[in-house]
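User: Please take a close look at one part of this structure, a pair of strands, and then set out the salt bridges formed elsewhere in the chain.

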Amino acid sequence: MTDATDPIVIIGSGLAGYTVAREVRKLDAQRALVLVTGDGGDFYSKPMLSNALAQNKNAAQLVNTPAATMAAQIGLALRNGTKATRIDRAAHRIETSDGAIGYSQLVLAIGADPIRLPLGGDAADRVRSVNDLRDYAAFRTELGGTRRVAIIGAGLIGCEFANDLAGAGFSVVVIDPMARPLASLLPPAAGDAVRLALADAGIEWRLGTGVESVNATAAGMRLSLADGSTLDADVVLSAVGLRPRTQLAREAGLTIERGIVVDAHGRTSDPDIMAIGDCAQYGSAVLPYVLPIMNAARSLARTLTGNPTPIAFPTMPVIVKTPACPVVVAPAPKDVQGEWSTEGDGRDLKLVFSDGAQRVRGFALTGARTGERAALVKMVTT
Amino acid sequence: MQVWECVVCGFIYDEAKGLPEDGIAPGTKWEDVPADWACPDCGVAKADFSMQLLAA
């Protein structure tokens, strides 16, 4: 039974959790909101973790708003340091490390875990991932006094960290089995622009190969690659993608595929439980980016406050914060046939993807051409 | 003149300085920033997210 006097309970204090809370509060000044998080609940911008050095910020300085201020500003009951352990759907309550909490509607904004590739070697457990502020603080501590950083993965996070670390004077090597950086996001010409620009910024690429093992040496670590080569590093960062956190939902019997499956309204297979952000799967896609969260949060807030509103995703370009060659990309839908056209030269490229009917369906901008984002967004047919 | 901060990423928009590289002249008030303007750092649209007013 849904008891409307029970609060809306949100699990997760990342951008998704806090944004849903804020959007609900905009629509309903009275509705009780409880936000449950295993973390401290301080609000920080996760995308900024990978360019904090350029911003001259340490982990503590990345906190935009302390947890207590967030709770007061939004008007919610914050249960920080409280880990949700089970969803009791029949009773409409969650169990936590600090007792049970009843809900009328539940929002899962629980994020994703970094994927870790199986690595051999006696130092494989020294390979770091940076997925939250605490990880980042530990990463910065380990960086202190070192010079050589190896990054496993040339995706968005790997490239951003590479650029940030190189800019701060570190010697950076990036390893990836693909032939170009950002291979899952960018057409080859744009990937090459990034590859060349970051090489000019001092980043060494080891592309077309993967890391097999990491072993301790007297001075640091030695990575052995699949192509038979080796490289030495003081710090090794793994950035090979995210896997939605699904365990809590799975154990509650909700439908899971790559992520927690949600319908057009953001509802899971239980209509009183919604999911948003990096843990959610919208249609067939997981969208672990800022703009899908902002858009979905506004729709969810309406639905949660009694005005069911489907999530409408506009064109949502992804920004890659690589100052040596900034990138804005709106990937074309995977099921659309078409062709890329290219304008520009060097690192300043404008690539436009058109379908058979000559409609613009995606684009990629690099370097100085990223300034054309707003114009391109308007041209895209979704 | 007021100063606004992107709630998502901390980007600062200072009305006094405008954002000439985005074609927004110095002195442009927040309400006069175009509706299709997006945060240069994180891409959040003006319409998607209100910026927070900082003490200037």
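Analyst: In this predicted model, strands β7 (residues 93-96) and β8 (residues 99-102) of chain A pair in the antiparallel sense over 4 bridges. The two strands form a hairpin, with 2 residues between them. Within this pairing, A:E95 of chain A stands opposite A:A100 in β8(A).

Turning to the salt bridges, a search of the whole structure finds 22 over all chains. One of them joins A:R347 to A:D200, with the closest N and O atoms 3.0 Å apart. A:R347 lies in the loop between β24 (338-345) and β25 (348-355) of chain A, whereas A:D200 belongs to helix α5 (residues 188-200) of chain A, so this contact ties together parts that are 147 residues apart in sequence. The two partners differ in their surroundings: A:R347 is partly exposed, at a relative accessible area of 33%, while A:D200 is exposed, at 61% relative accessibility.

A further salt bridge links the side chains of A:K350 and A:E343, at 3.9 Å from N to O. Here A:K350 is buried, with a relative accessible area of 16%, and A:E343 is partly exposed, with 41%. The side chains of A:R369 and A:E372 also meet in a salt bridge, at 2.5 Å from N to O. A:R369 counts as buried at 18% relative accessibility, and A:E372 is partly exposed, its relative accessible area being 25%. Through salt bridges that share partners, A:E343, A:K350, A:R369 and A:E372 are joined into one network.

Technical notes:
Residues numbered from 1 in each chain as written. Chains lettered and ligands numbered in written order. Predicted model: local features only at pLDDT ≥ 70, side-chain atom pairs only at ≥ 80, totals over all residues. Heavy atoms only, no water. Pairing = 2+ DSSP bridges. Salt bridge = Lys/Arg side-chain N within 4 Å of Asp/Glu carboxyl O. Buried < 20%, exposed > 50% of the residue type's maximum accessible area, 1.4 Å probe, protein only.
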